[in-house]
Amino acid sequence: MAMLEIKDLEVYYGMIQAIKGVSFQVNEGEIIALIGANGAGKTTILHTITGLISPKKGSVIFQGKDITKVPAHKIVSLGMAHVPEGRRVFAQLSVYQNLKLGAYTRSDKSGIEETLKEVYKRFPRLEERKNQIAGTLSGGEQQMLAMGRALMSRPKIILMDEPSMGLSPILVNEIFDIIQSVSAAGTTVLLVEQNAKKALSIADRAYVLETGNIVMSGEAAVLMDDDSIRKAYLGE
C-alpha cells in the first residue's frame, strides 16, 4: 500500500487553476522527486499535502487515512514533516530552540533528547552552533537546521521543498548526501527540486510537472536518460 496517495488534486488561486487533476503516490521507503520549471505547481502540491492550502477537488491519503481536511498542525503529529522552501528557520531563536520546536507535537522527554542526539550526530555543525542565533547561520547551515528541525518530529515521511536553492555546489552535494542518509535510516522522502539532475540522481522514481499537470513519470534512472527530459531540465 502507498504511504502517501494524491488523487485527482485540483487547486485554485482565485480564478486561476494551479493544479489540474494531479494524481501520484509515494511508497514506503522511497525517495520520490517532483521536478518541473518554476511556477509548475510543485510547492503548491506540497502545501496542499501538508494542509496549508485546501484543494477544490481531490484527496490526500496518508497511511490509508484521508487527511485532505485535517489541519496542518495535526498532520505533523500523524508523522509528516515539511522542510519549506527558503528554510524558514526562526531567525531570532538559537539553533537548539529551533530544534526543540520541531518536537512540539511530542511529549516523550527522553525520546526527544534521544532524537536531538541523533540530529546532532547527523549534523555536527548544528551541535557546534547550538547556542548561536539561527538568523546568523550561513544558508547551508540554515538548510541543515530546517532539516534537523523536521526530523525532531520523528516523521514517517519528510517533504522537502527546494533544499539546494541558493547553495554552493559543494553544499548541494552535502545536502543531497544527507537526504540519502535520512532515507537509508528509514524515512520516506518526497523531494521537490529545480536541480533535476541532482534530484534524479538520488530518487527511486520521479514525476514531471508542467503547468499544474503531471506530463511524465517513471523510474528516475530512466527519466535521466530520456532525451526530452535531458533537453528541458538537465541542460543537455
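A residue is called exposed when its relative accessible area is over 50%, buried when that area is under 20%, and partly exposed in between. The exercises below apply these words to a predicted model.

**Exercise 1. Find which residues of helix 7 are buried and which, on the other side, are exposed.**

Solution. Begin with the extent of the element: helix 7 has 16 residues and reaches 23 Å from its first C-alpha to its last, close to the 22 Å expected at 1.5 Å a residue. Next, list the residues of helix 7 that are buried, namely Leu-171, Val-172, Ile-175, Phe-176, Ile-178, Ile-179, Val-182 and Ser-183. Seen down the helix axis, these buried residues fall within an arc of 155°, so they line one face of helix 7. An α-helix has 3.6 residues a turn, so residues three or four places apart point the same way. Then turn to the other side of helix 7, where Pro-169, Ile-170 and Ala-184 are exposed. Finally, follow the chain just past the end of helix 7, where Gly-186 takes a positive phi of about 110°.

**Exercise 2. Determine which helix gives the most residues to the largest nonpolar core.**

Solution. The largest nonpolar core has 48 residues, and those with the most contacts inside it are Leu-99, Leu-126, Ile-158 and Ile-179. Helix 7, which spans residues 169–184, gives the most to this core, with seven residues. Apart from that core lies another, of 29 residues, among them Leu-4, Leu-34, Ala-40 and Ile-75. To see the surroundings of one residue of the largest core, take Ile-179: leaving aside residues up to four places away in sequence, Ile-179 touches Met-147, Met-160, Pro-163, Val-189, Leu-191 and Ile-202.

**Exercise 3. Decide whether helix 6 is mostly covered or mostly open, and name the elements against which its buried residues pack.**

Solution. Helix 6 runs over residues 139–151, and the distance from its first C-alpha to its last is 18 Å, close to the 18 Å expected at 1.5 Å a residue. Counting its buried residues gives 12 of 13, and helix 6 is accordingly mostly covered. Among the buried residues of helix 6 are Glu-141, Met-144, Met-147 and Arg-149. The partners come last: the buried residues of helix 6 pack against strand 6 (80–83), helix 3 (95–102), helix 4 (109–122), helix 5 (124–128), strand 7 (157–161) and helix 7.

**Exercise 4. Work out which strands stand at the edges of the four-stranded open sheet.**

Solution. The four strands of this open sheet follow the order 2-1-4-5, and their pairing is antiparallel. Strand 2 (16–27) and strand 5 (65–66) stand at the edges, each with a single partner strand, so one side of each is left without a neighbour in the sheet. Now look at one pairing in detail: strand 1, residues 2–13, and strand 2 pair in the antiparallel sense over nine bridges. Within this pairing, Glu-10 stands opposite Lys-20 in strand 2. Strand 1 also contains Asp-8, and Asp-8 has a positive phi of about 50° although it is not a glycine.

**Exercise 5. Describe how strand 9 is paired and what stands out in the hairpin that strand 9 forms with strand 10.**

Solution. Five of the six residues of strand 9 are buried, so strand 9 is largely enclosed by the rest of the structure. Four bridges join strand 9 to strand 3 (residues 31–35), and these two run parallel; in this pairing Leu-34 stands opposite Tyr-207. Strand 9 is also joined to strand 10, by six bridges, and there the strands run antiparallel, with Ile-214 in strand 10 as the bridge partner of Leu-209. The hairpin of strand 9 and strand 10 has two residues between the strands, and in this hairpin Thr-211 takes a positive phi near 40°. Thr-211 is exposed, with a relative accessible area of 54%, a value to be compared with the cut-off of over 50%.

**Exercise 6. Classify Thr-105 as buried, partly exposed or exposed, and list what Thr-105 touches.**

Solution. Thr-105 is found in the loop between helix 3 and helix 4. The relative accessible area of Thr-105 is 28%, and Thr-105 is therefore partly exposed. Not counting residues up to four places away in sequence, Thr-105 touches His-73, Val-76 and Ser-77.

Terms used: Residues numbered from 1 in each chain as written. Predicted model: local features only at pLDDT ≥ 70, side-chain atom pairs only at ≥ 80, totals over all residues. Heavy atoms only, no water. Core = buried A, V, L, I, M, F, W, Y, C linked by side-chain atoms within 4.5 Å. Buried < 20%, exposed > 50% of the residue type's maximum accessible area, 1.4 Å probe, protein only. Contact = heavy atoms within 4.5 Å. Expected span 1.5 Å × (residues − 1). Arc of directions from axis to C-beta. Pairing = 2+ DSSP bridges.
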